Amino acid sequence: MNHDLVVIGAGPGGYIAAIRAAQLGMNVACIEKEKDLGGTCLRVGCIPSKALLESSERFEAASHDLKKHGVKVGSVELDLPTMMKRKDASVTALTKGVEGLFKKNGVTRYEGSGTIRDANTVAVGDTVLTCKHIIIATGSVPSMLPGVEFDGDLIGDSTTALSYEKVPGHLVVIGGGVIGLELGSVWLRLGSKVTVLEYMDQILYGMDEELCKEALKIFKKQGFEFHLGAKVTGARTSPARKGGRCLVSAEGMDDIACDRVLLSVGRKPHIEGLGLENVGIATNKRGRIPVNAHWQTSVPNIFAIGDVIEGPMLAHKAEEEGAACAEFIHGGHAHINYDAIPGVVYTHPEIAGVGKTEQQLREAGVPFKAGKFSFMANGRARALGDTTGFVKLLAHAETDRLLGAHIIGPRAGDLIAECAVAIEFGASAEDIARSSHAHPTLAECVKEAALAVHGRTLNS
Ligand code: NAI
């Protein structure tokens, strides 16, 4: 055998699995088809989008908000090429970082597409690797929509929307999910008119409904135009058209002319060319690879993690699975508490949740108490001038155990970490309420929401 473990894919799931396995003493190879390591997240997902979200937020602050702080900046101008260069530099620093980590940990990297030939053989071009174990971590690709004439340019996906060379006059976003709202926010702040067409009657379907409703109100105020219950049936480019070069059609609506279209209707597992048929691994109805509680596929020495299996398509979920899967292969034990994996939307305000939503608890008939605290009543939020939103904690009505936490507001993505730890440790609302939170911090809202579960907030 060449290797103890071959990992296919070097995204957050795959590269973490490779590093953890190497730490545990395995001889590890990682196959990645792209020149740069890090997967969708580092190259064309989380990192570049957050870089642009940060830059666009600063542009907007300089244009509108700084004067409230008594800071006069004169005329503000957008330098899009520099903004894009900064984004690219943050990506390069991180992808190079993964390369360095592979070297440090002795992970052998193969460039090319990996194809499983049999349970112990993976081919990369002309190279054939033999191994004891395989981890599939090939991630996901954007889903297409019938009737949408995707060209990767005027009608493009999230990757396209990370690199528009000029600000579109009118951007139509198909799908009011995470990608649509994050990248929609970037271009809205930089000056585009942004219209979101969403099939469901709410945005961010799956998150706690109270947060979704609040978010919709806030985003509308920011200038987003929403059409909910809008089923998009087609999009095409139409060069001579007045009002933009693209036309988007949705059931029961007039066609919308616009300059660019962002298709963001979800992602699907990336399994093409992987050779699953060679080892008899079948996907489920949703195109995902079925695995047991230890990420084993129907072939016991072939594992799958991250976006190719069930669960939310999140980098940190894949990372947890990568590390745990390597530990299981090594020692036969590993466990992930999927209830303690947070989800964050990096709009302004940020939206974050962990554990169960109110809807899930109601459906399951679990008795719970909710405690809510608004950022409006928080000293630090006032000082920041960022008082929109609230923290909502859901605790079991009898045991007081924290079951869910949902936050919309400043730095919600950072604040949710405390709640995830609390859920992981089986904490009660009382535990959070009795823990000291530094003053003045936004985190005090979490403490106050915990106090609110028992009707005893101190600051509202
Ligand atoms: P999504 O699943 O979040 O949202 C897609 C939306 O498109 C849904 O609301 C759906 O109802 C809508 N849709 C589907 N068909 C439609 C049609 N014909 N017409 C109108 N609307 C339609 O998917 P999205 O935003 O593409 O993101 C893909 C994945 O990437 C998600 O799983 C997400 O978790 C992940 N992601 C996570 C981020 C984060 O954690 N901050 C950031 C970006 C992506």
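**Exercise 1. Find which polar backbone atom of Tyr-199 meets the ligand, and at what distance the pair sits.**

Step 1. Start at Tyr-199: one of its polar backbone atoms is 3.1 Å from a nitrogen atom of the ligand. A polar contact here is a pair of N or O atoms within 3.5 Å; within protein, one must be able to donate a hydrogen and the other to accept it, and residues adjacent in sequence count only if both atoms are side-chain atoms.

Step 2. Now turn to Glu-182, where a polar side-chain atom lies 2.9 Å from a ligand nitrogen. Ser-264 offers a backbone N or O atom, 3.4 Å from an oxygen atom of the ligand.

Step 3. Add the area: the ligand taken alone exposes 850 Å², and the protein buries 78% of that (accessible areas by the Shrake-Rupley method with a 1.4 Å probe; for residues, only the protein chains shown count as cover).

A word on the model before you go on. It is predicted, with local features needing pLDDT of at least 70 and side-chain atom pairs pLDDT 80 or more, while totals for chains, interfaces and linings use all residues. Residues are numbered from 1 along each chain as its sequence is written, and side-chain values use heavy atoms, leaving out hydrogens and water.

**Exercise 2. Describe the shell around the ligand and name the element that gives the most to it.**

Step 1. The ligand is surrounded by 21 residues, the closest being Ile-179, Glu-182, Glu-198, Gly-266 and Val-344 (near means a heavy atom within 4 Å).

Step 2. By type, the shell holds 13 nonpolar, four polar and four charged residues (Ala, Val, Leu, Ile, Met, Phe, Trp, Tyr, Cys and Pro are nonpolar, Asp, Glu, Lys and Arg charged, and the others, Gly among them, polar).

Step 3. Helix α6 gives the most, with three residues. Elements are DSSP runs numbered from the N terminus: helices (H or I, at least four residues) and strands (E, at least two).

**Exercise 3. Locate the cis peptide bonds at Pro-349 and Pro-440, then look at Leu-204.**

Step 1. The bond from His-348 to Pro-349 is cis, with omega near 0°, and Pro-349 is in the loop between β18 (343-345) and β19 (350-355).

Step 2. His-439 and Pro-440 are also joined by a cis peptide bond, with omega about 0°; Pro-440 lies in the loop between α12 (429-433) and α13 (444-453).

Step 3. Leu-204, a residue other than glycine, has a positive phi near 50° and lies in the loop between β10 and α7 (209-222).

**Exercise 4. How confident is the predictor across the chain?**

Solution. The chain averages a pLDDT of 97, and 99% of the residues score at least 70 (pLDDT is the predictor's confidence in each residue, from 0 to 100).
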